[in-house]
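Visitor: I am new to this structure and would like a close look at a single part of it. Please take me through that part slowly, and then through its surroundings.

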Amino acid sequence: HFNGERFQSNAFFIFALTWKLSVILFQFQTAVKNPFSIVYFNGGLKGYWIGFAAAFLYLFFAARKSAILEKSLQMEVWILMITVYELVFYLLTKWHILLSSLQLIGSIAFFIWLRKKSAESVWSIQTLVLYLCFLGLIHSLAGNLFSVPMATYTAGSFMISWAAWKGSRKY
């Protein structure tokens with residue numbers, strides 16, 4: 001049985017650990033001279049993408065080994081993660097209140113729509129892609145369409161959509 005929550009929490013742990021420890025790869029001399037630098041620093045943007053790739057490779061191989069793919073659960077968790085990140089980002093930086101409110105309301109609406117249509121894998125994939133377009137619109141209005149969060153949302157959405165499409169064809 002494919003336990004989506006366990007695999008996703010493992011993937012998050014793999015991401016965080018890889019990102020954090022990638023400082024050894026990119027700042028080897030500093031890490032050797034001062035081992036506590038590993039505690040205080042991370043691998044930066046390069047380490048972020050290596051961690052992201054490691055987490056999705058883990059999810060890819062874990063989903064291949066399982067017999068059941070819980071596509072809608074992965075999409076729901078992805079939308080919730082994005083929503084929580086954007087909400088925390090707003091609370092910490094006091095980003096544009098109108099765009100943040102619009103993004104929060106839109107995320108909740110997409111989440112509810114996805115829950116209603118979760119049995120239909122095609123609708124789930126289309127909902128996730130439409131949600132990505134919605135996020136792109138919000139971020140383009142703010143002038144940061146080509147940012148790390150949007151790149152992460154895009155990569156994550158395409159990986160989850162691809163896995164769901166592949167799983168719907170397989171089973």
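Which residues form one aromatic cluster?

Guide: The model is predicted. The aromatic cluster is made up of Phe15, Trp19, Tyr48, Trp49 and Phe52.

A few words about the chain as a whole will help to place the cluster. The protein chain has eight helices and zero strands, and its pattern along the sequence reads α-α-α-α-α-α-α-α. It has 171 residues, of which 37% count as buried. The mean pLDDT of the chain is 81, with 82% of the residues at 70 or more. Confidence is highest in helix H2, residues 28-33, where the mean is 90, and lowest in H8, where the mean is 77.

Back to the cluster, beginning with Phe52. This residue belongs to helix H4. Phe52 has a relative accessibility of 11%, and because buried means under 20%, Phe52 counts as buried. Phe52 and Phe12 are 40 residues apart along the chain, yet a distance of 8.7 Å separates their C-alpha atoms.

Phe12 leads on to the largest pocket, which has a volume of about 630 Å³. There are 22 residues in its lining, and those closest to the centre of the pocket are Phe12, Phe15, Trp78, Met81 and Thr152. Phe15 therefore appears twice in this account, as a member of the aromatic cluster and as one of the residues closest to the centre of the pocket. Four helices each supply at least two residues of the lining: helix H1 (4-26), helix H4 (44-65), helix H5 (71-93) and helix H8 (148-170). By kind, the lining residues comprise 18 nonpolar, four polar and no charged.

Helix H4 also holds Leu57. Leu57 has a relative accessibility of 49% and counts as partly exposed, because exposed means over 50%. Its C-alpha atom is 9.8 Å from that of Met159, although 102 residues separate Leu57 and Met159 in sequence.

The aromatic residues of the model do not end with the cluster. The structure holds nine aromatic pairs. In the pair of Tyr85 and Phe89, the ring centres are 6.1 Å apart and the planes meet at 25°, so this pair is stacked; the cut-off for stacking is under 30 degrees. Both residues are in helix H5, and the four residues from Tyr85 to Phe89 amount to about one turn of the helix. Tyr85, at 40% relative accessibility, counts as partly exposed. Phe89 is also partly exposed, with a relative accessibility of 32%.

Helix H5 also contains Glu86. The relative accessible area of Glu86 is 6%, so this residue is buried. The side chain of Glu86 makes a polar contact of 2.4 Å with the side chain of Tyr153.

Tyr153 has a further neighbour in Ser157. A polar atom of the Ser157 side chain lies 2.8 Å from the backbone oxygen of Tyr153. Ser157 is part of helix H8, and its relative accessible area of 2% makes it buried. Another residue of helix H8 is Ala164. Ala164 is buried as well, at 2% relative accessibility. The C-alpha atoms of Ala164 and Val122 are 8.7 Å apart in space, while the two residues are 42 apart in sequence. Some reserve is due here, as H8 is where confidence in the chain is lowest, at a mean of 77.

To return to the starting point, the cluster consists of Phe15, Trp19, Tyr48, Trp49 and Phe52. Of these, Phe15 is among the residues closest to the centre of the largest pocket, and Phe52 is buried in helix H4.

Note on methods: Residues numbered from 1 in each chain as written. Predicted model: local features only at pLDDT ≥ 70, side-chain atom pairs only at ≥ 80, totals over all residues. Heavy atoms only, no water. 1 Å grid on protein atoms, 1.4 Å probe; cavity = no way out; pocket = protein on both sides within 12 Å on 5 of 7 lines; lining within 4 Å. Points joined across faces, edges and corners; volume = space filled by probe spheres on them. Nonpolar A, V, L, I, M, F, W, Y, C, P; charged D, E, K, R; others polar. Phe/Tyr/Trp six-rings, centres within 6.5 Å; stacked < 30°, edge-to-face > 60°. Buried < 20%, exposed > 50% of the residue type's maximum accessible area, 1.4 Å probe, protein only. pLDDT = per-residue confidence, 0-100. Polar contact = N/O pair within 3.5 Å; in protein donor to acceptor, adjacent residues only side chain to side chain.
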